[in-house]
Amino acid sequence: MWPLYAAGFTTAFGAHGIAASLGAEAGVSLLVLGGLLALYDGAEVLLKPVFGTLADRVGARPVLLGGLVAFAVASALYVVADSPGWLWAARLGQGAAASAFSPSASALVARLSPAAARGRAFGGYGFYKSVGYTLGPLLGGVLVRVGGLRLLFAVLAVLGVAVAVWAALAVPVVPPLPKARQTLLDLARRLADPVFLAPTAALAAATAALSVGVGFLPVSGRAAGLGTVATGAAVSLLAATAALVQPRAGRALDDGRLTTRTGLAAGLSATAAGLACAMLPGLTGILVGAVLIGAGTGLITPLGFAALAGGTPAERLGQTMGAAELGRELGDAGGPLLVAVVASLATLTYGYGVLAALVGAGAVVALGRRRAAPAAPGAGPEE
């Protein structure tokens, strides 16, 4: 599992490490800067389902290794050719490469872990991704300060090669499984099934709230007269809470102390409460909001992926993980966009409130489904 966890760290570190440093280093207009930031996520939105399906067809391991090598090559492009044009090409290449190895890593986590330990496996995977999100801006800033963007891209190139070699040596060959022919209508029916739709919607809501917390809590802090240290601490607290909660949530699921439906409902409720707390003025509202958003997303992430893995035929895991990652990327982009639009029409407080209401409605729906679907006699814990 460790090389797969390292792959999760790589995509998170690559996304946030560069994104946090581009504004100071690139020296371009806000419009161009926005384009550079969107390239990585845009490539993932378009390509993750494609590479997820390819992983089912040829095997997840080759797609994982190819994606990691491509990530290293794309990062090295900018190291060799230090120019604005190559920066665009490198950023696009990194996003496309991450689209390959990220859903493949998720599929391998599911294939290589027994069902009874799947919560722990996805909890560990989510933990190391959260570490990447947390350390990316900090370490990226240090590297850029020491040697500019080229040094950061060089470190990412070395990281991609190192994880690819590690995975090639340690990750066993997992051959693709035979599968029945699937039409587009079959795919649409499977993706519209609540077994897929409910955890994916929860994952998208969690990612939306996480992105809003990272992006807008510092804005609330500045409006309250807080300095950059205090606002940075709030964002770090959010990410650290999410990282710490994920392994514990996975263990609770595996031990039968938590079910996916109950956990997802609790996670959505905590996330909505955190967004509501962010509406309060001052440091207390920001810190409590950060902790609750982090705890809610930390609950949702491993439980959501474990539910997807448990409800998907093994021969379709790559496709499912790619589609679920697409849902997360849409939440990542849609949450901040929604809050920004509402804030431009009213205030940021109302933006938090609208997203809190939507996430809270998801918790109500999850609880309603749980009450409407009693377990069959003799059935085990609800999954």
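**Exercise 1. In which helix is the place of Leu68?**

Before solving this, a word on the model: it is predicted, so local features need pLDDT of at least 70 and side-chain atom pairs count only at pLDDT 80 or more, while totals for chains, interfaces and linings use all residues. Residues are numbered from 1 along each chain as its sequence is written, and side-chain values use heavy atoms, with hydrogens and water left out.

*Step 1.* Leu68 sits in helix H3. Helices (H or I, at least four residues) and strands (E, at least two) are DSSP runs, numbered from the N terminus.

*Step 2.* Look at its surroundings: Leu68 has a relative accessible area of 0%, so Leu68 is buried. Here buried means under 20% relative accessible area, exposed means over 50%, and partly exposed lies in between (1.4 Å probe, protein chains only).

*Step 3.* Set aside residues up to four places away in sequence, and Leu68 touches Phe101, Gly160, Val163 and Ala164. Contact means heavy atoms within 4.5 Å.

*Step 4.* For a distance to check on your screen, take Leu68 and Ser102: 9.3 Å from C-alpha to C-alpha, with their positions 34 residues apart in sequence.

**Exercise 2. Describe the overall make-up of the protein.**

*Step 1.* Count the elements: there are 12 helices and 0 strands.

*Step 2.* Turn to burial: of the 383 residues, 49% are buried.

*Step 3.* Now take contacts between residues at least 6 apart in sequence; 83% of these join residues at least 24 apart.

**Exercise 3. Work out how H3 packs against H4.**

*Step 1.* Two packed helices are described by the angle between their axes and the distance between the axes. Axes are lines fitted to C-alpha atoms, for helices over the stretch in contact, and angles run from 0 to 180 degrees between N-to-C directions.

*Step 2.* The axes of H3 (residues 60–80) and H4 (residues 84–112) come within 7 Å and cross at roughly 160°. That is why H3 is roughly antiparallel to H4. The cut-offs are under 35 degrees for roughly parallel, over 145 for roughly antiparallel, 65 to 115 for roughly perpendicular, and oblique for the rest.

*Step 3.* This H3 and H4 crossing is left-handed. A crossing is left-handed if the near helix is turned anticlockwise from the far one by less than a right angle, and right-handed if clockwise.

*Step 4.* Find the residues that meet: H3 provides, among them, Leu64, Gly67, Leu68 and Phe71, and H4 provides residues including Ala90, Gln94, Ala97 and Phe101.

*Step 5.* Sorted by class, the H3 and H4 contact has 18 nonpolar, 5 polar and 1 charged residues. Ala, Val, Leu, Ile, Met, Phe, Trp, Tyr, Cys and Pro count as nonpolar, Asp, Glu, Lys and Arg as charged, and the others, Gly among them, as polar.

**Exercise 4. Follow H10 to its partners H7 and H11.**

*Step 1.* Start with H7 (residues 194–223) and H10 (residues 283–310): their axes come within 9 Å and cross at roughly 155°. H7 is therefore roughly antiparallel to H10, and their crossing is left-handed.

*Step 2.* Among the contact residues are Ala202, Ala206 and Ala209 of H7, together with Ile293, Thr297 and Ile300 of H10. By class, this contact has 16 nonpolar, 6 polar and no charged residues.

*Step 3.* Move on to H10 and H11 (residues 317–345), which pack at about 145° with axes 10 Å apart. The crossing of H10 and H11 is right-handed.

*Step 4.* Thr301, Phe305, Leu308 and Ala309 in H10 meet residues including Met321, Glu325 and Arg328 in H11. The class count here is 6 nonpolar, 2 polar and 2 charged residues.

*Step 5.* Add Thr271 of helix H9 (residues 260–278). Thr271 is buried, at 1% relative accessibility. Beyond its neighbours within four places in sequence, its contacts include Ala209, Ile293, Thr297 and Val359.

**Exercise 5. Classify two of the aromatic pairs.**

*Step 1.* The whole structure has 8 aromatic pairs. Rings of Phe, Tyr and Trp (its six-membered ring) pair if their centres lie within 6.5 Å; planes under 30 degrees apart count as stacked, over 60 as edge-to-face, and the rest as tilted.

*Step 2.* Phe9 and Phe13 have ring centres 5.6 Å apart and planes at 15°, so this pair is stacked. Both lie in helix H1 (residues 2–25), 4 residues apart, about one turn of the helix. Phe13 is buried at 4%.

*Step 3.* Phe127 and Tyr128 are edge-to-face, with 4.9 Å centre to centre and 85° between the planes. Phe127 is partly exposed at 22%, and Tyr128 is partly exposed at 26%.

*Step 4.* Finally, ring pairs link Phe127 and Tyr128 with Trp2 and Tyr5 into a cluster.
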